[in-house]
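Colleague: Please walk me through this model, starting with the annotated domain and ending with the empty space.

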Amino acid sequence: MSEKTPKLRAALDGIPTYKPGRPAAADGPAAYKLSSNENPYPPLPGVLESAVSAAGSFNRYPDMACTGLMAELSEHFSVPVEHLATGTGSVGVAQQLIQSTAGPGDEVIYAWRSFEAYPIITQVSGASSVKVPLTSGEVHDLDAMLAAITDRTRLIFVCNPNNPTGTVVRRAELESFLDRVPSDVLVVLDEAYREFIRDPEVPDGIEIYRDRPNVCVLRTFSKAYGLAGLRVGFAVAHEPVAAALRKTAVPFGVSQLAQDAAVASLRSEAALLERVDSLVTERARVYEGLVGQGWTVPESQANFVWLRLGDRTTDFAAACERAGVVVRPFAGEGVRVTIGESAAMDLFLEAAEEFRKAL
Ligand SMILES: Cc1ncc(COP(=O)(O)O)c(C=O)c1O
């Protein structure tokens, strides 16, 4: 037998592996998973029924064009069907966007720290990441991002609100930024947490994209809509970009179950948004609780909060786990805590208070 192994692309060397938020251990003290920005509520009854009914056709491939979902999205967001593309979660669509725009020698700019999939999907494509540090207030430094643009820049991610800090970019600064980005560079507004925003100064990307052909908006059914396990997200973009997304899609990537559940979720939006409202109320309670305990917490417009703990990150996460909640540590930097059930947040606030007292 030959000693040789298959030749793999050098671009894959050293790719960081995506670290999913850890689940609560079945036999451990932690009962609540606050590590993946999931929605703690189960799917609404109509959603479950449509999924169960789709399950009866598992022997068939799904509708590859996602016709029903595209029509529903088109009506819901008042955008032409030709401006829509779906994918296996918005991270799948983000990967297709990079595949469509960047390869070896090209550059992808994003803030750092931000969504941890950006470096991975950029490196897989062979393009280089240009990471622009957040400001001291944990916000995108749009001026520095502009200064980082070169003639090799192909795509810029603006994660709004930013994962993991929850901070936002507001209308005036975003528009002024977009006015200055060259029109042949694609700007992706990643709005995975859009529904949790209550700051009226944060623009809706779908309004921004309308007269800007180089802007693409990413949305997902994983967070507010509570369908993380079904893997369905979508992009809104002008024709050439949306068409490129359809070319780079994995055929039949979005299951029929996901398509039908997403349609049912859009139709139950009022009920879903009520649940989002309670999470937003809970977010305010957690924020005020933490500030009251003396922590510095950036104001979050997403379904999580961020504590910059530096060297204490791992210890803090361990203390939370002993108290019954699994949070998401980024070693040496900080901890992201998803807003979940009130009982979970009570346990978290108690753990944070104890930890603070011991400092
Ligand atoms: C900013 C951001 N974008 C995209 C995603 C991907 O979500 P999904 O692939 O489930 O749609 C996430 C998930 O954590 C996220 O935080």
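Colleague: Which residues does the UniProt annotation "domain: Aminotransferase class I/classII large" cover?
Modeller: The model is predicted, so local features need pLDDT of at least 70, side-chain atom pairs count only at pLDDT 80 or more, and totals for chains, interfaces and linings use all residues. Residues are numbered from 1 along each chain as its sequence is written, and side-chain values use heavy atoms, without hydrogens and water. The annotation comes from an unreviewed entry; such annotations may be inferred rather than shown by experiment, and positions follow the numbering used here. The domain covers residues 33-350.

Colleague: How far apart are the end C-alpha atoms over residues 33-350?
Modeller: Helices (H or I, at least four residues) and strands (E, at least two) are DSSP runs, numbered from the N terminus. On that basis the chain over residues 33-350 is 42% helix and 17% strand. The end C-alpha atoms are apart by 16 Å.

Colleague: Which residue of S4 is the bridge partner of Ile-109?
Modeller: Two strands pair if DSSP finds at least two bridges between them. S3 (residues 107-112) and S4 (residues 128-133) pair in the parallel sense over six bridges. In S4, the partner of Ile-109 is Val-130.

Colleague: And in S5, what is the bridge partner of Glu-107?
Modeller: S3 also pairs with S5 (residues 153-159), in the parallel sense, over three bridges. Five of the six residues of S3 are buried (under 20% relative accessible area, 1.4 Å probe, protein chains only). In S5, Glu-107 has as its partner Thr-153.

Colleague: Which element gives the most to the lining of the largest pocket?
Modeller: A pocket is an open set of points on a 1 Å grid over the protein atoms alone, with protein on both sides within 12 Å along at least five of seven lines; lining residues have an atom within 4 Å of a point. The largest pocket has a volume (space filled by probe spheres set on the points, which are joined across faces, edges and corners) of about 510 Å³. Of its 28 lining residues, the closest to its centre are Tyr-18, Ser-36, Phe-115, Tyr-193 and Lys-223. With three residues, the element giving the most is H3.

Colleague: What is the volume of the largest cavity?
Modeller: A cavity is a set of grid points where a 1.4 Å probe fits but cannot get out. The whole structure holds two cavities of 30 Å³ or more. Asn-39, Leu-272 and Arg-275 are among the residues that line the largest cavity. Its volume is about 40 Å³.

Methods. Buried means under 20% relative accessible area, exposed over 50%, partly exposed in between (1.4 Å probe, protein chains only).
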